[in-house]
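I opened my notebook and went through this model one look-up at a time. Here is what I wrote down, in the order I looked.

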Amino acid sequence: MDHVDNFRASLESLVASTVPDPVAGVFAPSAASLNAKLDALDTDYRNGFIVGRRSLAELDAYRDEWLKAGGQTLCDEYTEALEQAS
């Protein structure tokens, strides 16, 4: 049973160090049409970084491309929704 207690303690420690998602449950009208495209872009860059196909020097280019591909629209919509909720 020690391994179960150790596992539980490890998970409790990990959960305690997480940060809640500020937009959980918040609606962004463009999310349905943009999420798939932005997820594909994110996956391409993330996998590229992991396998060495992309340099971390491209991180700024990734951010700019993500924002231009609709990320800025989502940021704006989420910001507006959060402001209305408070």
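**Entry 1: around Phe 49.** I started by asking which residues Phe 49 is in contact with, once its neighbours within four places in sequence are left aside. My list reads Arg 54, Ser 55, Leu 56, Glu 58 and Leu 59. I kept in mind that this is a predicted model, and I carried on with one name from that list.

**Entry 2: Arg 54.** Where is Arg 54 found? I located it in the loop between H2 and H3. Next I wanted to know whether Arg 54 is buried or exposed. Its relative accessible area is 18%, and buried means under 20%, so Arg 54 counts as buried. I then looked up its contacts, not counting residues up to four places away in sequence, and found that Arg 54 touches Asp 44, Tyr 45, Gly 48 and Phe 49. The side chain of Arg 54 also makes a polar contact with the side chain of Glu 58, at 2.8 Å.

**Entry 3: a network of charges.** I followed Arg 54 a little further and came to a network of salt bridges that links Asp 44, Arg 53, Arg 54 and Glu 58. One link I checked is the salt bridge between Asp 44 and Arg 53, where the closest N and O atoms are 3.3 Å apart. Asp 44 is partly exposed, with a relative accessible area of 30%, and Arg 53 is partly exposed too, at 49%.

**Entry 4: other salt bridges.** How many salt bridges does the count come to? I got seven. Arg 8 and Glu 12 meet through their side chains in a salt bridge of 3.0 Å, N to O. I noted that they are four residues apart in helix H1, so about one helical turn separates them. Arg 8 is partly exposed at 42% relative accessibility, and Glu 12 is partly exposed at 46%. I also looked at Arg 63 and Asp 64, whose side chains meet in a salt bridge at 3.2 Å, N to O. Here Arg 63 has a relative accessible area of 43% and is partly exposed, while Asp 64 is partly exposed at 34%.

**Entry 5: the core.** I came back to Phe 49, this time as a member of the largest nonpolar core. This core has 11 residues in all. They are Ala 28, Ala 31, Leu 34, Leu 38, Leu 41, Tyr 45, Phe 49, Tyr 62, Ala 69, Leu 74 and Tyr 78. Helix H2 (31-51) and helix H3 (59-85) each supply at least two residues of this core. Which element gives the largest share? I found that H2 does, with six residues.

**Entry 6: a patch on the surface.** After the core I turned to the outside. Phe 7, Leu 11 and Leu 14 form a nonpolar patch on the surface. Together they have about 320 Å² of accessible area. I placed Phe 7 in helix H1, residues 2-16. Phe 7 has 55% relative accessibility, and exposed means over 50%, so Phe 7 counts as exposed.

**Entry 7: Asp 60.** My last look-up was Asp 60, which has its place in helix H3. Asp 60 is partly exposed at 48% relative accessibility. How far apart are Asp 60 and Asn 47? I wrote down 13 residues in sequence and 16 Å in space, C-alpha to C-alpha.

Methods
Residues are numbered from 1 along each chain as its sequence is written. This is a predicted model: local features need pLDDT of at least 70, side-chain atom pairs count only at pLDDT 80 or more; totals for chains, interfaces and linings use all residues. Side-chain values use heavy atoms; hydrogens and water are left out. A nonpolar core is a set of buried Ala, Val, Leu, Ile, Met, Phe, Trp, Tyr and Cys residues joined through side-chain atoms within 4.5 Å. Buried means under 20% relative accessible area, exposed over 50%, partly exposed in between (1.4 Å probe, protein chains only). Contact means heavy atoms within 4.5 Å. Patches are made of residues with over 30% relative accessible area and no salt bridge: like charges are joined within 9 Å, nonpolar side chains (Val, Leu, Ile, Met, Phe, Trp, Tyr) within 5 Å. Accessible areas come from the Shrake-Rupley method with a 1.4 Å probe; for residues, only the protein chains shown count as cover. A salt bridge is a side-chain nitrogen of Lys or Arg within 4 Å of a carboxyl oxygen of Asp or Glu. A polar contact is a pair of N or O atoms within 3.5 Å; within protein, one must be able to donate a hydrogen and the other to accept it, and residues adjacent in sequence count only if both atoms are side-chain atoms.
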